[in-house]
Amino acid sequence: AVDRHGVRASLIYVPPLQAAAAVMEALDAGIGLIVATAEGVPRHDAAVVVAAARESGARLVGFNTNGFISPGRVRMGGMGGLDPDEVYPPGRVGICSRSGGMCSEIALALGREGLGVSTAVAMGGDVITGLRMVDYVRLFEADEGTDAIVLFGEPGTSNEREVAEHIMRHGLRKPVVALIVGAFQESYEAGVSFGHAAAMIRDTADSATAKRAMLRKAGGLVASTLSEVPLLLQRGRSCN
């Protein structure tokens with residue numbers, strides 16, 4: 001397929017125990033963009049595949065993702081369902097979300113306030129993902145079609161902390177609005193996951209409260225509710 005058709009991207013729909021082999025096959029073929037949708041890929045398999053993707057210079061979205069969409073240009077995966085134009089109006093806001101469903105909710109909230117989406121990506125809800133949240137932030141920072149960035153985060157993993165550290169080191173190049181949910185988990189014992197397998201608090205830094213504080217300290221705008229996201233975006237864009 002690569003030889004005959006110049007394939008540059010691969011969308012992988014296979015069961016979790018076959019996912020690693022499918023990704024490796026795409027990497028061996030020299031494909032540079034891979035979207036791997038499977039949830040429940042064994043963590044060892046994911047670690048091996050992610051290392052191989054980084055070594056080859058390929059961009060791996062997932063695991064446990066429903067893909068990404070650049071409205072009016074390209075879609076890989078199920079983003080937006082049967083009528084993505086209704087959910088994802090084109091615009092200049094980039095979205096990176098741990099949750100595919102919340103990508104759509106954020107896009108709808110933006111659309112109600114007259115804003116649109118440059119690219120929206122569900123980065124995946126597993127512990128190990130190919131591209132991390134800070135990688136998408138860097139891509140949005142470099143994208144001339146993106147003026148502002150929205151992040152949807154949750155308890156568990158160091159993704160949001162890495163974004164905060166990146167902003168503190170390099171400055172806030174474009175407005176960043178974050179919606180971090182799951183503070184209720186702080187009422188439970190550590191080590192219990194809710195929803196995504198990665199949504200587990202192991203120490204204080206994993207909590208939604210800590211992540212909100214880190215991003216605020218770095219200069220990001222932190223929304224308390226979904227409806228507040230477009231309002232903070234408009235404030236951030238007017239300040240830049």
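This text leads through a predicted model, from its strands and crossovers to a pocket, some backbone features and an aromatic pair.

The account opens with strand 1, which spans residues 9-12 and pairs in the parallel sense with strand 2, residues 33-36, over four bridges. Within this pairing, S10 has I34 of strand 2 as its bridge partner. The connection between the two strands involves helix 2, residues 16-28, and together strand 1, helix 2 and strand 2 make a β-α-β unit that is right-handed. From strand 2 the chain then passes through helix 3, residues 43-56, to strand 3, and this β-α-β crossover is right-handed. Strand 2 and strand 3 run parallel and are joined by three bridges. One of the partnerships here links L33 to R59 of strand 3.

The loop between strand 1 and helix 2 contains P15. With a relative accessible area of 49%, P15 is partly exposed, because a residue counts as exposed only when that value is over 50%. P15 also offers a view across the chain: its C-alpha atom is separated by 8.2 Å from that of E39, although the two residues are 24 residues apart along the chain.

Beyond strand 3, the backbone has two features worth locating in the model. As general background, most residues other than glycine have a negative phi, and most peptide bonds are trans. The peptide bond from G62 to F63, however, is cis, with omega near 15°. F63 lies in the loop between strand 3 and strand 4, and the loop between strand 3 and strand 4 is also the place of N64. N64 is not a glycine, yet has a positive phi of about 65°. The relative accessibility of N64 is 13%, so N64 counts as buried.

After this loop come strand 4 and strand 5, which pair in the antiparallel sense over four bridges. They form a hairpin with three residues between them. In the turn, G72 has a positive phi of about 80°. S70 has V74 as its bridge partner in strand 5.

Several of these elements meet again at the largest pocket. Its volume is about 480 Å³. The general idea behind such a search is that rolling a probe the size of a water molecule over the atoms shows where empty space is left. The pocket is lined by 18 residues, and those nearest its centre are L33, R59, F68, T119 and L139. L33 and R59 are thus named twice in this account, as residues near the pocket centre and as bridge partners. Which elements each supply at least two residues of the lining? They are strand 3 (59-61), strand 4 (67-70), strand 5 (74-77), strand 7 (117-122) and helix 6 (133-142). The largest share, three residues, comes from helix 6. By residue class, the lining consists of eleven nonpolar, three polar and four charged residues.

Further along the chain, T157 provides another case of unusual backbone geometry. T157 is not a glycine, but has a positive phi of about 65°. Its place is in the loop between strand 8 (148-153) and helix 7 (159-170). Is T157 buried or exposed? At 6% relative accessibility, T157 counts as buried, since the limit for that class is under 20%.

Strand 9 covers residues 176-180 and includes A178. A178 has a relative accessible area of 2% and is therefore buried. A178 and L82 are 96 residues apart in sequence, and their C-alpha atoms lie 27 Å apart in space.

The account ends with the aromatic side chains. A search of the whole structure finds one aromatic pair. The rings of F184 and Y188 have centres 6.4 Å apart and planes at 90°, which means that the pair is edge-to-face. The centre distance satisfies the requirement that ring centres lie within 6.5 Å, and the angle belongs to the edge-to-face class because that class covers planes over 60 degrees apart. F184 counts as partly exposed, at 45% relative accessibility. Y188 also counts as partly exposed, at 49% relative accessibility.

Key. Residues numbered from 1 in each chain as written. Predicted model: local features only at pLDDT ≥ 70, side-chain atom pairs only at ≥ 80, totals over all residues. Heavy atoms only, no water. Phe/Tyr/Trp six-rings, centres within 6.5 Å; stacked < 30°, edge-to-face > 60°. Buried < 20%, exposed > 50% of the residue type's maximum accessible area, 1.4 Å probe, protein only. 1 Å grid on protein atoms, 1.4 Å probe; cavity = no way out; pocket = protein on both sides within 12 Å on 5 of 7 lines; lining within 4 Å. Points joined across faces, edges and corners; volume = space filled by probe spheres on them. Nonpolar A, V, L, I, M, F, W, Y, C, P; charged D, E, K, R; others polar. Pairing = 2+ DSSP bridges. Right-handed = clockwise from strand over helix to strand, strands pointing away.
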